[in-house]
Amino acid sequence: MNIDQAGTYTLGDRRVKRMGYGAMQLAGPGVFGPPREPETARAVLRDAIEHGVDHIDTSDFYGPHVTNHLIREALHPYPDDLTLVTKIGAKRGEDGAWNPAFAPDELRRAVHDNLQHLGLETLDVVNLRAMFSAHGPAEGSLAEALDVLAELQREGLLRHIGLSNVTPTQVAEARAIVDIVCVQNFYNLAHRDDDALIDDLAGQDIAYVPFFPLGGFNPLQSGILDAVAARRNATPMQIALAWLLQRSPNILLIPGTSSPQHLRENLAATALELTADDLAELDRVAGETATTG
């Protein structure tokens, strides 16, 4: 398996392979508490590195603290070429709820907590997750929060700043305040609200990192997807990942899994080259989902 086939893209001051890994699913059910099999979780992380992954996405609010501890236990001291991306702006309630944590002191504490739990002196990339709505991106100014991150950047605690769960208006606001190296939003074959944003970011050499590339808590289901997968002798999820890789060169993938087998299946999607007919057929999935959803 050679994930180099998918190419690389700029993330901050590095070139990373376009197939990365998202650590969220290494935490317990509902991304809360520890995993049932911590050693398997650590093995997945080590396998990802062995297969060439050089971009891992995480956050201290996964668990909370669980995935960062697992990453440190499995991989520290980190390979020189590994880029660790974390996110702040939320915290977990005692009941597992996802709550905003956007006050300046909360943002500063979150950066320091990520540094401590990952065992780092500087974070490669910190994504600011907007939490103005529990149901997806919603308008609201990011200026105060970005000023805090810019200050932490000047202090040397983080190298680069990204955004998560944001609108195009917020991206434009942010870019007028600081350099933005990536945007991480909900996007996949069936949910394509960010099509125009992806193209705009590609023109600005800014990475777009879709979260829930396989549907997240509600995995993608589509007769069209199943048909293309059967024809190509691949799994539907491999086809969905291959589609994202061919959608735009600035897309970086971070599919998550707690299974070594599924990890290898996800990474193998880099070998798939979809035909024009495949792509035309798959373009109908979003409409299929809108009709049946």
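In the predicted model, Val31 has a relative accessibility of 5% and therefore counts as buried, the limit being under 20%. Val31 belongs to the loop between E3 and helix H1 (38-50). The C-alpha atoms of Val31 and Pro64 are 8.0 Å apart in space, although 33 residues separate the two in sequence. Pro64 is placed in the loop between E4 and H2, and the peptide bond that leads from Gly63 to Pro64 is cis, with omega near -10°. A cis peptide bond is also found between His76 and Pro77, where omega is about 0°; Pro77 is part of the loop between H2 and E5.

Two residues other than glycine were examined for their backbone angles. His65, in the loop between E4 and H2, has a positive phi, near 75°. With a relative accessible area of 30%, His65 is partly exposed. Asn233 also has a positive phi, near 55°, and lies in the loop between helix H7 (223-231) and helix H8 (236-247). Asn233 counts as exposed because its relative accessibility, 76%, is over 50%. Most residues other than glycine have a negative phi, and most peptide bonds are trans.

An open sheet is formed by seven strands with parallel pairing, in the order E3-E4-E5-E8-E9-E10-E11. The edges are taken by strand E3 (21-22) and strand E11 (207-208); each has a single partner strand, so one side of each has no neighbour in the sheet. Within the sheet, E5 and E8 run parallel and are joined by four bridges. Ile88 stands opposite Leu128 of E8. Strands of a sheet pair through backbone hydrogen bonds.

Eight aromatic pairs are present in the structure. In one of them, Phe61 and Trp98 meet edge-to-face, with 5.8 Å from centre to centre and 85° between the planes. This pair links distant parts of the chain, 37 residues apart: Phe61 is in the loop between strand E4 (55-57) and helix H2 (66-75), and Trp98 is in strand E7 (residues 98-100). Phe61 is buried, at 6% relative accessibility, whereas Trp98, with a relative accessible area of 36%, is partly exposed. Phe102 and Phe132 also form a pair; their ring centres are 5.8 Å apart and their planes stand at 65°, so the pair is edge-to-face. Because Phe102 lies in the loop between E7 and H3 and Phe132 in the loop between strand E8 (123-129) and helix H4 (143-154), the pair ties together parts that are 30 residues apart in sequence. Phe132 is partly exposed, at 38% relative accessibility.

Trp98 has further contacts. Ring pairs join Trp98, Phe61 and Tyr62 into a cluster. The charged end of Arg92 sits over the ring of Trp98, at 3.7 Å from the ring centre.

The second largest pocket has a volume of about 270 Å³. It is lined by 16 residues, of which His65, Ala90, Lys91, Ala110 and Asp113 are the closest to its centre. At least two lining residues each come from strand E5 (83-88), strand E6 (90-92) and helix H3 (104-118). H3 supplies the largest share of the lining, five residues. By class, seven residues of the lining are charged, six are nonpolar and three are polar. His65, noted above for its positive phi, is thus among the residues closest to the centre of this pocket.

Definitions and conventions:
Residues are numbered from 1 along each chain as its sequence is written. This is a predicted model: local features need pLDDT of at least 70, side-chain atom pairs count only at pLDDT 80 or more; totals for chains, interfaces and linings use all residues. Side-chain values use heavy atoms; hydrogens and water are left out. On a 1 Å grid over the protein atoms alone, a cavity is a set of points where a 1.4 Å probe fits but cannot get out, and a pocket is an open set with protein on both sides within 12 Å along at least five of seven lines; lining residues have an atom within 4 Å of a point. Grid points are joined across faces, edges and corners, and a volume is the space filled by probe spheres set on the points. Ala, Val, Leu, Ile, Met, Phe, Trp, Tyr, Cys and Pro count as nonpolar, Asp, Glu, Lys and Arg as charged, and the others, Gly among them, as polar. Rings of Phe, Tyr and Trp (its six-membered ring) pair if their centres lie within 6.5 Å; planes under 30 degrees apart count as stacked, over 60 as edge-to-face and the rest as tilted. Buried means under 20% relative accessible area, exposed over 50%, partly exposed in between (1.4 Å probe, protein chains only). A charge sits over a ring if NZ of Lys or CZ of Arg is within 6 Å of the ring centre and within 35 degrees of the ring normal. Two strands pair if DSSP finds at least two bridges between them.
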